[in-house]
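This report walks through one protein model, taking its strands and helices in turn. Please keep the structure in view while reading.

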Amino acid sequence: YPLIFFIRFLNSKEEFNRFFEKLSIYKKKNSNKTLWIHAVSIGEVLSIMPIVKELDKNNKINQILITTTTKSSTLILSKFKFKKVIHKYLPLDINFITKKFINYWKPNVAIFVDSEIWPNFYSNLEKKKIPIILFNARITSKSFSRWKKFTSFSNFIFSKITLAFPQNKETIKYLKNLGTNKIKFLGNLKFYNEEKNFDLNKKLFSDLKKRKIWCAVSTHPTEEIKVGSIHKSFNLKNKNILTIVIPRHIERSESILNDFKNMGLRTQRHSLTKKIDKNTDIYLVDTYGDTEKFCYFSNIVFIGGSFINHGGQNPLEAVRLGNKVLHGPSIENFKEVYEVLKKNKISKKVNSNNEFGTLLLKTINSKKKLKTNKVINSIGKKIFKNYLEEIKKFI
């Protein structure tokens, strides 16, 4: 593990000064009982922030511990101001380390978000009679197939879950099959998000208002090249259109810049500028937590992870801001979400660059924001309320 950590550190994926957190070694003593929430990375962290905001105001709670595994999630959390929240990295799921973690933090409930199944943590939490909640749970067919190869072991682990709140119907079936006894379907919490005021530099705001905007969000390797090809093939610059690219992992920014440079596309980085040149083709958002700011200016968004074998990323962030969504064929991770979007004529699968570019131009030129986002917000508010009521039963 130290070797793996060092390699990740060299790739800017770890914080060296916080290495000991992953071994359950802390400088200060902890005397408070804790409500513990584990969310692996950015998407999971953002999905629980409205819940955390309400829990932070609850007088029955002394301390909220949020653990994550990625450096990017730390950057996101730093943008929120809470009174009772502490952030630490999740320790390694090794028996004596997890025991040490539980004894130190003394959680009265442990909430694992999405698909976070950790055998040693689950076993040791159960021994201490600490409720284990699988929050907005998601089990994919791929992970289900892996767990089923070890039927006895998976049943041993999944039976320890006190209560699971699956985010889709498929997960209900998988959880039952894997041994989880108590399941309650509330819906997908990612449908909900609070309305926000977007704080942008005045000059940047002015420059964005002068251009027609579309965003390519949560893009993965090769998808940026596809986006660049669309911009170039349809000569978007001559139509006063600015393509905003927001990669899933900003550590790839230099590589993405080189790809655009090789394509002859003039690119600016968000972290290095406060204005957008009129000749700019691509505006690369190389900072975390700014997706909604830029989707606010667009009326159509491409969601990444869908033109590669990844399963797609969450489209709801863009939809809530009135955007039509374009995606590739790979959307297994959000299959039921896309069923809702398709039913309401919010999303569209594109199979070719020509179809992509033609639909893109048509939507941008209409300048219309979707009103169907109200449907999504209505669904989200109901789901949020139900989740909050359920969590309060464990406080």
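The model is a predicted one, and the description begins inside one of its strands. From strand 11, Ile300 and Phe302 point one way while Val301 and Ile303 point the other way, and all of these residues are buried. This fits a general pattern, for in a regular strand the side chains alternate between the two faces of the sheet.

Strand 11 has partners on both of its sides. Strand 7 and strand 11 run parallel and are joined by 3 bridges, and within this pairing Ala216 has Phe302 in strand 11 as its bridge partner. Strand 11 also pairs with strand 12, again in the parallel sense and over 3 bridges, where the bridge partner of Val301 is Val325 in strand 12. Val325 in turn stands opposite Ser347 in strand 13, and strand 12, made of residues 324–327, runs parallel to strand 13 with 3 bridges between them.

How are the strands of this sheet ordered? The sheet is open, has 7 strands with parallel pairing, and follows the order 9-10-8-7-11-12-13. Strand 9 (267–269) and strand 13 (347–349) stand at the edges with a single partner strand each, so one side of each is left without a neighbour in the sheet. On average, and with direction ignored, neighbouring strands of this sheet are turned by 25° against each other.

Two helices that pack on this sheet can now be added to the picture. Helix 14, which spans residues 335–343, packs on the sheet by touching strand 11, strand 12 and strand 13, and its direction makes about 105° with that of strand 13. Helix 15, which spans residues 353–366, also packs on the sheet and touches strand 7, strand 8, strand 11, strand 12 and strand 13, with a direction that makes about 135° with that of strand 7.

Helix 15 also meets another helix. Two packed helices are described by the angle between their axes and the distance between the axes. The table gives these values for two pairs of helices.

| Helix pair | Axes come within | Crossing angle |
|---|---|---|
| Helix 10 (residues 223–233) and helix 15 | 10 Å | roughly 60° |
| Helix 5 (residues 119–127) and helix 7 (residues 151–158) | 9 Å | roughly 50° |

Helix 5 is therefore oblique to helix 7. Their contact is made by Pro119, Tyr122 and Ser123 of helix 5 together with Phe153, Phe156 and Ile157 of helix 7, and by class it has 5 nonpolar, 1 polar and no charged residues.

Helix 10 and helix 15 are likewise oblique to each other, and their crossing is right-handed. On the side of helix 10, Lys226, Ser229 and Ile230 take part, and they meet Asn353, Phe356, Gly357 and Leu360 in helix 15. By class, the contact of helix 10 with helix 15 has 3 nonpolar, 3 polar and 1 charged residues.

Another strand to follow is strand 1, residues 34–38. Is strand 1 buried or exposed? Of its 5 residues, 5 are buried, so strand 1 is largely enclosed by the rest of the structure. Thr34, Trp36 and His38 point one way from strand 1, whereas Leu35 and Ile37 point the other way. Strand 1 runs parallel to strand 4 (residues 107–113), to which 5 bridges join it, and here Trp36 stands opposite Ala110 in strand 4. Strand 1 also runs parallel to strand 2 (residues 64–68), with 4 bridges joining the two, and in this case His38 stands opposite Thr67 in strand 2.

Finally, two single residues deserve a look. Arg248 is found in the loop between strand 8 and helix 11, and because its relative accessibility is 22%, Arg248 counts as partly exposed. Leaving aside residues up to four places away in sequence, Arg248 touches Gly43, Ser218, Thr219, His220, Tyr288 and Gln313. Asn177 lies in helix 8, which covers residues 169–178, and with a relative accessibility of 39% Asn177 also counts as partly exposed. With residues up to four places away in sequence again not counted, Asn177 touches Phe144, Lys148 and Asn155.

Methods:
Residues are numbered from 1 along each chain as its sequence is written. This is a predicted model: local features need pLDDT of at least 70, side-chain atom pairs count only at pLDDT 80 or more; totals for chains, interfaces and linings use all residues. Side-chain values use heavy atoms; hydrogens and water are left out. Two strands pair if DSSP finds at least two bridges between them. Axes are lines fitted to C-alpha atoms, for helices over the stretch in contact, and angles run from 0 to 180 degrees between N-to-C directions. Contact means heavy atoms within 4.5 Å. Buried means under 20% relative accessible area, exposed over 50%, partly exposed in between (1.4 Å probe, protein chains only). Angles under 35 degrees count as roughly parallel, over 145 as roughly antiparallel, 65 to 115 as roughly perpendicular and the rest as oblique. A crossing is left-handed if the near helix is turned anticlockwise from the far one by less than a right angle, and right-handed if clockwise. Ala, Val, Leu, Ile, Met, Phe, Trp, Tyr, Cys and Pro count as nonpolar, Asp, Glu, Lys and Arg as charged, and the others, Gly among them, as polar.
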